[in-house]
Every structure is written in structure tokens, then in C-alpha cells.
Amino acid sequence: MVIKVYIASSSGSTSIKKQQQDVIGFMAVNKIEFEECDIAANEDNRKWMRENVPENSRPATGNPLPPQIFNEERYCGNYEAFFDAREDNCVYAFLGLTAPPGSKEAEAQAKQQQ
């Protein structure tokens, strides 16, 4: 399973740049394997991302903006969904991954199962 983070390397939006850095930084710090897919430098990435963001997750107008997160072909969510998952200590579930033993998320899952 490869987590794919769709980003725009040449975005003029400071907000988008910060969101992309936040997602990528979190992945790196937590040693979650991921692949950056640049939609600014690769038209195929842009096309694939836009076609695979589910209809109910698209903005009312325009195209979905990065960062968009996928686990292989499965859509995980956008930055807001990632941020909410991080706040709730459930990023691994959000990404469709098993939480590592000893993590806050694994401990929370263990408590729920008791």
C-alpha cells in the first residue's frame, strides 16, 4: 500500500503550500511511507487526481485543490479531513493503515475494543 499525496509544486497560494508542507511533514516525522505526486509538473497526475476525487468531496465550483490524499486508488480525503483525523488521533485509520503499536491511535483503538 502506498499513500499518495497529490501536491502542486508551483502553487501561488500560501495556504495550499502550508497545507502541503503540513501533510508531508507529518508523514515524514511519523515514518509513513508516501509518494508525492506533483500535479503542476505532471499532467497525468493532475488528470488522475481530478478524476478520482469523489463527487461528494469536490468543491461546489472549480476543481479539487491539493493536497489530496489517496491510499493507492482509494480516496482518503483532503487537507481538512486529514487535519480532523490528526486532531482526533486517527490518522492511520484515515489513511487505511494499521496504527503502530504504542502510538496514541493504537492505544485508543485498544481501549475501544475493551
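**Group meeting: cores, cysteines and overall form of a predicted model**

Let me start towards the end of the chain, where Glu 107 lies in helix H5, which covers residues 104-113; helices (DSSP runs of H or I, at least four residues) and strands (runs of E, at least two) are numbered from the N terminus. What I show is a predicted model, in which local features need pLDDT of at least 70 and side-chain atom pairs count only at pLDDT 80 or more, while totals for chains, interfaces and linings use all residues. Residues are numbered from 1 along each chain as its sequence is written, and side-chain values use heavy atoms, with hydrogens and water left out.

Staying with Glu 107, its relative accessibility is 45%, and it counts as partly exposed, where buried means under 20% relative accessible area, exposed over 50%, and partly exposed in between, with a 1.4 Å probe and protein chains only. The C-alpha atoms of Glu 107 and Asn 89 are separated by 10.0 Å, the two residues being 18 apart along the chain.

Now the overall form. The protein has five helices and four strands, and along the sequence they follow the pattern β-α-β-α-β-β-α-α-α. Its radius of gyration, taken over C-alpha atoms, is 15 Å, which agrees with the value near 13 Å that a compact globule of 114 residues would have; the globule rule is 2.2 Å times the number of residues to the power 0.38. Along the principal axes, the C-alpha atoms fill a box of roughly 45 × 30 × 25 Å. Of the 114 residues, 37% are buried, and among contacts (heavy atoms within 4.5 Å) between residues at least 6 apart in sequence, 53% join residues at least 24 apart.

What, then, makes up the largest nonpolar core? A nonpolar core here is a set of buried Ala, Val, Leu, Ile, Met, Phe, Trp, Tyr and Cys residues joined through side-chain atoms within 4.5 Å. The largest one has 19 residues, of which Met 27, Ile 69, Phe 82 and Leu 95 touch the most other members. Strand S1 (3-7), helix H1 (14-29), helix H3 (79-87) and helix H4 (91-95) each supply at least two residues of this core. Apart from it lies another core, of eight residues, among them Ile 39, Met 49, Val 53 and Phe 70.

Leu 95 deserves a closer look: it is found in helix H4 and is buried, with a relative accessible area of 0%. Leaving aside neighbours within four places in sequence, Leu 95 is in contact with residues including Ile 3, Met 27, Ile 32 and Ile 69. With the same kind of neighbours left aside, Ile 69 has a list of contacts that includes Val 23, Met 27, Phe 82, Phe 94 and Leu 95.

A polar residue next: Gln 20, in helix H1, is buried, with a relative accessible area of 7%. Not counting residues up to four places away in sequence, Gln 20 touches Ile 7, Ala 8, Pro 66 and Pro 67.

Finally, how many disulfides does the rule give? Taking a disulfide as a pair of cysteine sulfur atoms within 2.5 Å, the count comes to zero. Cys 37 is without a bond because its sulfur is 12 Å from the closest cysteine sulfur, in Cys 76, which is too far. Cys 76 is likewise in no disulfide, the nearest cysteine sulfur, that of Cys 90, being 12 Å away. Both are buried, with relative accessible areas of 4% for Cys 37 and 13% for Cys 76.
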